[in-house]
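Dear colleague,

Please find below the structure that I am handing over to you. A written account of what was found in it follows, for reading alongside the sequence and the model.

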Amino acid sequence: MSKVILNRVKAGDLELKEKVVAINRVVKTTKGGRAFSFSALVVVGNENGVVGHGLGKAKEVQEAITKGIEDAKKNLIKVPVMHGTIPHDQLAKEGAAKVLIKPAAHGTGVIAGGSMRAVLESAGVTDVLAKSLGSANPHNVVKATVKALAMLREPIQVSRTRHLSLKKVFNG
C-alpha cells in the first residue's frame, strides 16, 4: 500500500457536525469495588470534504463525548469529493480491519456499514460503495476509512505527478 500523505486542516472557523460512532463502558475492579468509566469514538466533519475522528475517555458519557469531539477537531483531513463521490477505488488497512471504497453513480447513496457510514457522510460523500473486510471493531474500521480517504488523490494531482494531460488521465 502507498504511503499516506495527510492533508491536515485546522478546525478554525469550520462548522463541524459530530456523530458518535461507539460508546464503550469500561469497568476497573479495585479493592474498594468497581470503577466505571466510558470511552466515546466520535467522527466530525463539515459534509464538504473535511473529516476527522477522535476518542474521548471520562467518568461520564457526556464528558467522554466532549473530549472525543475536541480530539477529532485536532485530527481533521481534507478529502477530494467530486460530484458527491470519490475519484477512484481505494483499499486501506488498520489493525485487522480492512476497508474498500469505490466511487458510485449519482443517486446510489452511501452503501456502507455503521462506522464507515458515519465517516463517509461526515466527509460529504453522497454516492459511494463501501465494504468492511476483516474485523468489525469500530475503532479500527473508522481509522481504516479515514486512512483510505486520506490516500485518495484528485485527477489534477495525478496529472501533475505523471506529467500527463487531464484527458489522458481519464481516458488512458
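**Overall architecture**

The protein chain contains five helices and eight strands. Please note that this is a predicted model. Read from the N terminus, the order of the elements is β-β-β-α-β-β-β-β-α-β-α-α-α. Taken along the principal axes, the box that the C-alpha atoms fill is roughly 70 × 35 × 30 Å.

The chain has 172 residues, and 38% of them count as buried. Among contacts with a separation of 6 or more, 59% are between residues 24 or more positions apart. The exposed surface of the protein chain comes to about 10,000 Å², and carbon and sulfur atoms supply 52% of that area. As for charge, there are 27 positive and 13 negative charges, and the mean positions of the two sets are 10 Å apart.

**The sheet formed by β1 to β4**

Four strands make up an open sheet in the order β1-β2-β3-β4, and their pairing is antiparallel. At its edges are β1 and β4 (77-78), each of which pairs on one side only. In general, the strands of a sheet pair through backbone hydrogen bonds, in either a parallel or an antiparallel sense. Here, β3 and β4 are joined in the antiparallel sense over two bridges. Val50 takes part in this pairing, with Lys78 in β4 as its bridge partner.

**Salt bridges**

How many salt bridges does a search of the whole structure find? The search finds four. As background, side chains of opposite charge can pair when their charged atoms come close.

One of the four joins the side chains of Lys17 and Glu47, at 3.4 Å from N to O. Lys17 belongs to strand β1 (residues 17-30), while Glu47 sits in the loop between β2 (33-45) and β3 (50-58), so this pair ties together parts that are 30 residues apart in sequence. Glu47 is partly exposed, because its relative accessible area is 37%.

Strand β1 also supplies the partner in a second pair, that of Glu121 and Lys19, whose closest N and O atoms are 2.9 Å apart. Glu121 lies in helix α2 (residues 114-123) and Lys19 in strand β1, so the parts that they tie together are 102 residues apart in sequence. Glu121 has a relative accessible area of 28% and is therefore partly exposed. Lys19, with a relative accessible area of 25%, is likewise partly exposed.

A further salt bridge is formed by the side chains of Glu94 and Lys147, at 3.9 Å from N to O. This pair links distant parts of the chain, with Glu94 in strand β5 and Lys147 in helix α3, 53 residues apart. Glu94 counts as partly exposed, because its relative accessibility is 26%. Lys147 is partly exposed at a relative accessible area of 28%. Finally, salt bridges with shared partners bring Lys19, Arg117 and Glu121 into one network.

**Two residues in contrasting settings**

Is Leu149 buried or exposed? Leu149 counts as buried because its relative accessibility is 0%, and the cut-off for a buried residue is under 20%. The residue lies in helix α3 (residues 138-151). Leaving aside residues up to four places away in sequence, Leu149 touches Val51, Val79, Pro80, Ile86, Ile101, Val119, Leu120 and Ala123. Leu149 and Leu14 are 135 residues apart along the chain, and 19 Å separates their C-alpha atoms.

Where is Ala96 found? Ala96 is in the loop between β5 (90-94) and β6 (97-103). With a relative accessible area of 52%, Ala96 is exposed, since the cut-off for an exposed residue is over 50%. Even when residues up to four places away in sequence are not counted, Ala96 touches Leu133, Gly134, Ser135 and Asn140. Between Ala96 and Val141 the C-alpha to C-alpha distance is 8.8 Å, although the two are 45 residues apart in sequence.

With kind regards

Key:
Residues are numbered from 1 along each chain as its sequence is written. This is a predicted model: local features need pLDDT of at least 70, side-chain atom pairs count only at pLDDT 80 or more; totals for chains, interfaces and linings use all residues. Side-chain values use heavy atoms; hydrogens and water are left out. Buried means under 20% relative accessible area, exposed over 50%, partly exposed in between (1.4 Å probe, protein chains only). Contact means heavy atoms within 4.5 Å. Accessible areas come from the Shrake-Rupley method with a 1.4 Å probe; for residues, only the protein chains shown count as cover. Lys and Arg count as positive and Asp and Glu as negative; His and the chain ends are not counted. The place of a charge is taken as NZ of Lys, CZ of Arg, CG of Asp or CD of Glu. Two strands pair if DSSP finds at least two bridges between them.
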